[in-house]
Amino acid sequence: MSQSLFDFFGELAPPEHLFLPLRSVMVEKADCFPSQQLLKVYVSSDHLINSALFKEAVDFVVDQMFPGQGIRIRVIPSFHLNRSLTALEALELYHENILWELYNQKKDIPSYLLYKDATLQQTEKGVVIGVDNPFMADLRGNGLKEFIQNLLSERFGIEVHITIEVQEDPEVKRELLRKMETERKQAVLDIVTQVEPQNPVHK
């Protein structure tokens, strides 16, 4: 297919702030789902592009070509950068876009909140996403893991195992350790007080 994104939809004249960053984006294939009024467009790019910019471009195309028809277009990008990325590097580089998509496209607020403050760690077995909310982890952990795995595969061609781990809040853990240490010192003091010999009484 190999057409630029805007050429694919015909002779459109997008505003400059859309045209310039998207002019080298190429359409690889498109799938149409008439019953859902949905068109999936798979594109490739040699540089990262913000998800919000793709959304603005899609809105422009729909307004120009299908006004008031309820047609939905979803752009699915794959990025072919000039260097290979590890899974961790890709997630860090794409972090704000992941949050944007969870919040604005998927409308998955629990997953958004879970991922927003998560920690990421690369291990021999894959990537560990550390979260501190066990309830949210039970509620949306599996869905978030599947979303991240699919995103890495689609966008960066990276296949990796993702694990969600609940981690204790460091401040809560420190407070618990301080309390345990205070109790330990008090227990030692009580024992010493109990075994300390009384001063003899001299007659």
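This briefing walks through the core, the aromatic pairs and the empty spaces of the structure above. The model is a predicted one. Its protein has 203 residues, of which 33% are buried, and its secondary structure comprises eight helices and seven strands. Among contacts with a separation of 6 or more, 61% join residues 24 or more positions apart.

**Nonpolar core**

- In soluble globular proteins, nonpolar side chains tend to be buried together.
- Here, the largest nonpolar core has 47 residues.
- The members that touch the most other members are Leu22, Ile98, Tyr115, Ile148, Leu152 and Phe156.
- Helix H7, spanning residues 134–156, gives this core its largest share, with eight residues.
- If you would like one residue to start from, try Ile98: beyond its neighbours within four places in sequence, Ile98 is in contact with Leu91, Tyr115, Phe147, Ile148 and Leu151.

**Aromatic pairs**

- Across the whole structure there are six aromatic pairs.
- One of them joins Phe6 and Phe60, and this pair is edge-to-face because the ring planes stand at 85 degrees, with the centres 6.4 Å apart.
- Phe6 belongs to helix H1 (residues 5–8) and Phe60 to helix H3, so their pairing ties together parts that lie 54 residues apart in sequence.
- Phe6 counts as buried, at 5% relative accessibility, and Phe60 is buried too, with a relative accessible area of 15%.
- Tyr94 and Phe156 make another pair, with ring centres 5.5 Å apart and planes at 85 degrees, so this one is edge-to-face.
- The Tyr94 and Phe156 pair also links distant parts of the chain, 62 residues apart: Tyr94 sits in the loop between helix H4 (87–93) and H5, while Phe156 is in helix H7.
- Tyr94 and Phe156 are both buried.
- Phe79 joins Tyr94 and Phe156 in a cluster linked by ring pairs.
- Phe156 therefore turns up under two topics, as a member of that ring cluster and as one of the core residues that touch the most other members.

**Largest pocket**

- Rolling a probe the size of a water molecule over the atoms shows where empty space is left.
- The largest pocket holds about 560 Å³ of space.
- Its lining consists of 24 residues, and those closest to the pocket centre are Ile73, Arg74, Val75, Glu101 and Gln105.
- At least two lining residues come from each of helix H3 (51–65), strand E4 (72–79), helix H5 (95–105) and H7.
- H7 contributes the most to this lining, with seven residues.
- Sorted by class, the pocket lining has 11 nonpolar, four polar and nine charged residues.

**Largest cavity**

- The structure has one cavity of 30 Å³ or more, and the space in the largest cavity is about 40 Å³.
- Lining the largest cavity are Leu5, Phe6, Phe9, Ala57, Val58, Val61, Ile73 and Val75.
- H1, H3 and E4 each supply at least two of these lining residues, and the largest share, three residues, comes from H3.
- The cavity lining is made up of eight nonpolar residues, with no polar and no charged ones.
- Two names link the cavity to the pocket: Ile73 and Val75 line the largest cavity and are among the residues closest to the centre of the largest pocket.
- Phe6 is another name to revisit, since this residue lines the largest cavity and also pairs with Phe60, so that its ring takes part in an edge-to-face pair.

Note on methods
Residues are numbered from 1 along each chain as its sequence is written. This is a predicted model: local features need pLDDT of at least 70, side-chain atom pairs count only at pLDDT 80 or more; totals for chains, interfaces and linings use all residues. Side-chain values use heavy atoms; hydrogens and water are left out. A nonpolar core is a set of buried Ala, Val, Leu, Ile, Met, Phe, Trp, Tyr and Cys residues joined through side-chain atoms within 4.5 Å. Buried means under 20% relative accessible area, exposed over 50%, partly exposed in between (1.4 Å probe, protein chains only). Helices (H or I, at least four residues) and strands (E, at least two) are DSSP runs, numbered from the N terminus. Contact means heavy atoms within 4.5 Å. On a 1 Å grid over the protein atoms alone, a cavity is a set of points where a 1.4 Å probe fits but cannot get out, and a pocket is an open set with protein on both sides within 12 Å along at least five of seven lines; lining residues have an atom within 4 Å of a point. Grid points are joined across faces, edges and corners, and a volume is the space filled by probe spheres set on the points. Ala, Val, Leu, Ile, Met, Phe, Trp, Tyr, Cys and Pro count as nonpolar, Asp, Glu, Lys and Arg as charged, and the others, Gly among them, as polar. Rings of Phe, Tyr and Trp (its six-membered ring) pair if their centres lie within 6.5 Å; planes under 30 degrees apart count as stacked, over 60 as edge-to-face and the rest as tilted.
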